Amino acid sequence: MSQPKRKSLLGVWAYSIGATGLAVYFTFAAVQGDYGIFNRVQITAEAEALKAELAEISREVAVMENKTRRLSDSYLDLDLLDEQARSVLGLIRSDEIVVR
């Protein structure tokens, strides 16, 4: 009579070890896996950083578009033209003194 009890006890142990192993595996995958919590937090942080970078670049593009429009043939901003000629070409007026 001790044989059937021993097989039953061995089956319970095997089932418990298998279930525990699966639970540990799925818990690890839920936390550390490709779609786990830690990876999701990292991706969310990267997305926020990229959104901030996109906003900064969009602002820079808007500034450049404004300068381009102000230097176009249809609309010419003489102050901006003078500023660009001084900074890019190094031009000065004849009545100005350069101090370095």
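Reader: In this predicted model, in which loop is L76 found?

Author: The model is a predicted one. Two helices frame the position of L76: α2 covers 37-70 and α3 covers 78-89. L76 is found in the loop between α2 and α3.

Reader: Is L76 buried, partly exposed or exposed?

Author: A residue is buried under 20% relative accessible area and exposed over 50%, with partly exposed in between. The relative accessibility of L76 is 46%, so L76 counts as partly exposed.

Reader: Which residues form a nonpolar patch on the surface with L76?

Author: The patch has about 350 Å² of accessible area, taking its residues together. Besides L76, the residues that form it are L71, L78 and L81.

Reader: Is D77 buried or exposed?

Author: D77 is also found in the loop between α2 and α3. Leaving aside residues up to four places away in sequence, D77 touches R70 and L71. Its relative accessible area is 17%, and the limit for a buried residue is under 20%. D77 is therefore buried.

Reader: Which residue caps the N-terminal end of α3?

Author: The backbone nitrogen of D79 has a polar side-chain atom 3.3 Å away. That atom is a side-chain oxygen, and the residue that caps the helix with it is D77.

Reader: How far apart are the end C-alpha atoms of α3, and why does this agree with its number of residues?

Author: α3 has 12 residues, and the expected span is 1.5 Å times one less than that number. The helix should therefore span 16 Å. This agrees with the distance between its end C-alpha atoms, which is 15 Å.

Reader: Which residue follows α3?

Author: The residue after α3 has a positive phi, near 75°. This residue is G90.

Notes:
Residues are numbered from 1 along each chain as its sequence is written. This is a predicted model: local features need pLDDT of at least 70, side-chain atom pairs count only at pLDDT 80 or more; totals for chains, interfaces and linings use all residues. Side-chain values use heavy atoms; hydrogens and water are left out. Patches are made of residues with over 30% relative accessible area and no salt bridge: like charges are joined within 9 Å, nonpolar side chains (Val, Leu, Ile, Met, Phe, Trp, Tyr) within 5 Å. Accessible areas come from the Shrake-Rupley method with a 1.4 Å probe; for residues, only the protein chains shown count as cover. A salt bridge is a side-chain nitrogen of Lys or Arg within 4 Å of a carboxyl oxygen of Asp or Glu. Helices (H or I, at least four residues) and strands (E, at least two) are DSSP runs, numbered from the N terminus. Buried means under 20% relative accessible area, exposed over 50%, partly exposed in between (1.4 Å probe, protein chains only). A polar contact is a pair of N or O atoms within 3.5 Å; within protein, one must be able to donate a hydrogen and the other to accept it, and residues adjacent in sequence count only if both atoms are side-chain atoms. Contact means heavy atoms within 4.5 Å.
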